[in-house]
Amino acid sequence: MSKIQEKLFKEIKDDSLFEKSLSYSKEYIAKIFDRDVYPSDQAIKDLDVFDSALPVDGLDGHHLIEHLNTFGSPATNAQLGGRYFGFVNGSAVPAGIAAKQLATTWDQNSGLQIISPICAKLESVVEKWINKLFDLDDKCVSGFVTGTSAANFCSLAAARYRILKNQGWDVNKKGLWNAPRVRIVAGKQAHSSVLKAVNMNGFGQESIEWVDVDHQGRMLVDSLPALDNTCLVLLQAGNVNSGAFDDFDNICTLANNAGSWVHIDGAFGLWAQCSSSLKHWTNGIAKADSLAVDGHKTLNTPYDCGIVICKDKDALSSAMHMSASYIMQNQERDGMYYTADMSRRSRVIELWATICSLGIHGIDEMVTSMHEKANLFADLLSSADGFTVLNEIDFNQIVVCCNSDELTSQVMQHIQQSGDCWVGHAMWKNKRVIRISICSWATTKDDINRSFNAFKTALEHCTTS
Ligand SMILES: *Cc1c(COP(=O)(O)O)cnc(C)c1O
């Protein structure tokens, strides 16, 4: 046996290594609701210990897990808790974390049914559940990807395949040189990841016909260009700043009648469909050809979990397809035909566990509550002197500013350093703004009150000093 093999067998047979990582995980979770939301400057500075030389001889597993815990844990943000409001970052429900821990140990590859029967089974089960949760056509297929950026990329690749195929052009054979033109129609506030997917699919930004938007960033239906069957229409469920939704019902009808492909970027907002009081916003999504949604934001699965949903199975699998002599096609689901990856980790396991743990009612309550907490926070801010809420609270996003750009920046930095909560910035209608995203199952009214107090304290500090 080689020396390295001896070391590795010793570590895998001596379960104290795994006990150690589990006990650190438990300690971490036990403190999550009380600790400062953002790491201290010292914790960030201490990360320099990782600037060490590449090990020549393998390090002891215990030692490196200890090292990671000592210096890594304090430099995390407490995203799992209830007062992290930065970007649009979800928490994770306990059963999802636990399922991911178990699945990590299984170390499955979700590429083919023959490689991992359990992953293929859960992917086909969750695919059906997704259609039920979002009230979509039974024939929609799902691919389980890293996030909405990947889901947008896969969706646009499917659209590209289908639109060109309808013009008699097989993009897989002929590529894009001399291909018929594809018209891209997008709102002026389309998310950057959608624009990236436009680039990655070889369309280029200059092929976009931009559509004017209203005060919430929603596409103005009357401003849409005349659509035809060469159009790819890009809509969004959840504007990243205002949280607002495009008018799916009307735009999808126009697009369907013209033979255009409609894609919806629903990273966090698509889950409004699962809230009995918010589902009016997503009315009409079943008429879309493809949709992209995250598990790791609103649904609160652990990170690295997105879904591409496509009504046209043939288009998605033709865009993602590859084959080799050793690949055994199966009667059952082979996940790799619906994503750009061949080998993939088993993210469906924590997605399945999260959906099971919440149930239809739990998802409804959780999503509805994010909206209620956002309303509460916005009401508190609107009633306080010195803060102006700039958006209508359609979903879970709040855009707020102080009396000048400089003051808004100073107040935001003070809040970030308070440890009470964490919020990020954005530009909105040429103003510097603080953006608040309520995206955690764990956020309580007390969290909102404490965070609001951090806003007031920060403003007092920045206006009196
Ligand atoms: C977060 C987000 C994305 C990108 O999703 P990732 O999961 O981070 O890749 C796309 N669109 C919108 C509206 C988002 O909020």
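In the predicted model, the protein chain is built from 14 helices and 11 strands. Its radius of gyration is 24 Å, close to the 23 Å that the globule rule gives for 465 residues, so the protein chain is as compact as a globular protein of that length. The C-alpha trace spans about 70 × 60 × 45 Å along its principal axes. Of the 465 residues, 53% are buried, and among contacts between residues at least 6 apart in sequence, 73% join residues that are at least 24 apart.

The surface and the charges of the protein chain were examined next. About 21,300 Å² is exposed, and carbon and sulfur atoms supply 53% of this area. The chain carries 42 positive and 54 negative side chains, with the centres of the two sets lying 4 Å apart.

A search of the whole structure for disulfides returned 0. For Cys231, the closest cysteine sulfur belongs to Cys252 and lies 14 Å from its own, which is too far for a bond, given that a disulfide requires sulfur atoms within 2.5 Å. Cys356 is likewise in no disulfide, the nearest cysteine sulfur being that of Cys305, at 13 Å. As to their surroundings, Cys231 has a relative accessibility of 0% and therefore counts as buried, whereas Cys356, at 39% relative accessibility, counts as partly exposed.

Several loop residues were also considered individually. Trp177 lies in the loop that runs between α8 (171-174) and β2 (183-187), and its relative accessibility of 77% is over the 50% cut-off, so this tryptophan counts as exposed. Gly202 is 25 residues away from Trp177 along the chain, and the C-alpha atoms of these two residues are separated by 9.9 Å.

Positive phi values were found in two residues other than glycine, namely Phe87, where phi is near 45 degrees, and Asn430, where it is about 65 degrees. Phe87 is placed in the loop between α4 (61-72) and α5 (94-106), and with a relative accessible area of 49% this phenylalanine is partly exposed, because exposed residues must have over 50%. Asn430, in turn, is found in the loop between β10 (424-428) and β11 (431-437), where, at 75% relative accessibility, this asparagine counts as exposed.

Technical notes:
Residues are numbered from 1 along each chain as its sequence is written. This is a predicted model: local features need pLDDT of at least 70, side-chain atom pairs count only at pLDDT 80 or more; totals for chains, interfaces and linings use all residues. Side-chain values use heavy atoms; hydrogens and water are left out. Helices (H or I, at least four residues) and strands (E, at least two) are DSSP runs, numbered from the N terminus. The radius of gyration is taken over C-alpha atoms; the globule rule is 2.2 Å times the number of residues to the power 0.38. Buried means under 20% relative accessible area, exposed over 50%, partly exposed in between (1.4 Å probe, protein chains only). Contact means heavy atoms within 4.5 Å. Accessible areas come from the Shrake-Rupley method with a 1.4 Å probe; for residues, only the protein chains shown count as cover. Lys and Arg count as positive and Asp and Glu as negative; His and the chain ends are not counted. The place of a charge is taken as NZ of Lys, CZ of Arg, CG of Asp or CD of Glu.
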